[in-house]
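Reader: I would like a close look at a single part of this model, worked through step by step and then set in its surroundings.

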Amino acid sequence: MNIWLYILISAGVSYLIRVTPLVLIRREIKNKTLRSFLYYVPYVTLSVMTFPAIVEATQSPLAGLLALAAGIVLAWRGKNLFQVAVACCLTVFISEWFLV
Amino acid sequence: MMIDTNTAWFRRGLRDGIPIALGYFAVAFTLGFAAKNAGFSAFQAMIESFTNNASAGEYAVFSLAAAGAGYWEVAVMTLVTNARYLLMSCSLSQKLSPDTSLVHRMLVAFDVTDEIFGISIAVPGRLNPFYSYGAMSVAIPGWGIGTFLGVAVGSVLPLRLASALSVGLYGMFLAVIVPPARENRVILGTVLLSFAVSFVSEHWALLSGVSSGTRTIILTVALALGAAVLFPIKDDEEGAAQP
């Protein structure tokens, strides 16, 4: 099997998945249910991907849980993306010093 | 008042792309290790990352390649593991201005990842493609170079470092979903319910067997559809949708 062909096939499929809706859906969707559905998609999908994954990504689940709490509190207080992301990393780095 | 030039949007994307690039670097480094086991050279693994921009998808490709799988299997597995991007691109199509040209649409599509999608939908109003380009300009190199070094060094990052960097990506998701959840009860309820259902589904026999990518799709379709039916959005004067 040729590795370059593997790369070509996976790249082609990945791109087609992403480009098709963006090229085909050029107008604003009028259907209310569909519009509402697409409106909620990001919140659901990002929530589902965050939890419980954040607790499982760290060496100690408690460190992940602390990062989750820190992230929610800081984002709630309006801290920006960079600040929240760095705070989560630091929370894990420091807490695992004691936990692991 | 935000400056609305393409340059300003590019800079904003670049700034928001930096934490993504750091998180990607750590994940890609680990991915490079899998690529090495599959017989990919550092250069080949880097090209795979530059052209795929997908962690689970690439991991599947490396595992299949290691097993000497057929090309059809690689195509189907790539489709399955990356299918959630189809949903994200649909959602993103409504975030772009309808006037956005074909070229911009094709370029934005290149790097629709969980993270770039996350920051793109958090932009107020319409998405300017240059915001995406700014984020891509740091995220893609972070991803590709991380993979290259993972193969070249041939080991995983120190656990403590990988552990800390990996939550950065989740931190970003929180920065995207929490502020609107604070302002809007329906979004808050949707987020909390999604957390709960996601947690339960991992241990629920019916869904615990499927891959996390497929589970994400099933839960997203079910929960977003439920929210859409129960709380359809209203359009306000500025054209921004509100539940």
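Which residues of α12(B) are buried?

Author: This is a predicted model, and what follows should be read with that in mind. The buried residues of α12(B) are G213(B), R215(B), T216(B), L219(B), T220(B), L223(B), A224(B), A227(B) and A228(B). Around the helix axis they cover an arc of only 165 degrees, which puts them on the same side of α12(B). An α-helix has 3.6 residues a turn, so residues three or four places apart point the same way.

The length of the helix can be checked in a similar spirit. Helix α12 of chain B takes in residues 212-230, and because each of its 19 residues is allotted 1.5 Å, the expected span is 27 Å, which agrees with the 27 Å between its end C-alpha atoms.

As for what covers the buried residues of α12(B), the elements include α3 (55-66), α4 (71-82), α5 (84-93), α10 (185-203) and α11 (205-208) of chain B, and also α2 (32-50) of chain A. The cover therefore draws on both chains, with chain A represented in that list by α2.

The domain assignment of chain B offers a second way to place the helix, since it gives domain 1 as 6-169 and domain 2 as 184-243. The centres of domain 1 of chain B and domain 2 of chain B, taken over C-alpha atoms, are separated by 23 Å. Seven residues of domain 1 of chain B are in contact with seven residues of domain 2 of chain B. On the domain 1 side of that contact, α4 and α5 of chain B each supply at least two residues, and the residues of this side divide into four nonpolar, two polar and one charged.

The contact between the two chains takes 84 residues from chain B and 66 residues from chain A. On the side of chain B, the largest share, 19 residues, comes from helix α9 (residues 159-183) of chain B, and by class that side has 53 nonpolar, 22 polar and nine charged residues.

Chain A, which contributes α2 to the cover of the buried residues of α12(B), has five helices and zero strands. Its radius of gyration is 20 Å, whereas a compact globule of 100 residues would have one near 13 Å, and its C-alpha atoms fill a box of roughly 50 × 50 × 20 Å along the principal axes. Buried residues nevertheless make up 49% of the 100 residues in chain A.

Note on methods
Residues numbered from 1 in each chain as written. Chains lettered and ligands numbered in written order. Predicted model: local features only at pLDDT ≥ 70, side-chain atom pairs only at ≥ 80, totals over all residues. Helix = DSSP H or I, 4+ residues; strand = E, 2+ residues; numbered from the N terminus. Expected span 1.5 Å × (residues − 1). Buried ≥ 20, exposed ≤ 12 C-beta atoms within 10 Å, placed from the backbone. Arc of directions from axis to C-beta. Nonpolar A, V, L, I, M, F, W, Y, C, P; charged D, E, K, R; others polar. Domains from an automatic or database assignment. Rg over C-alpha atoms; globule rule 2.2 N^0.38 Å.
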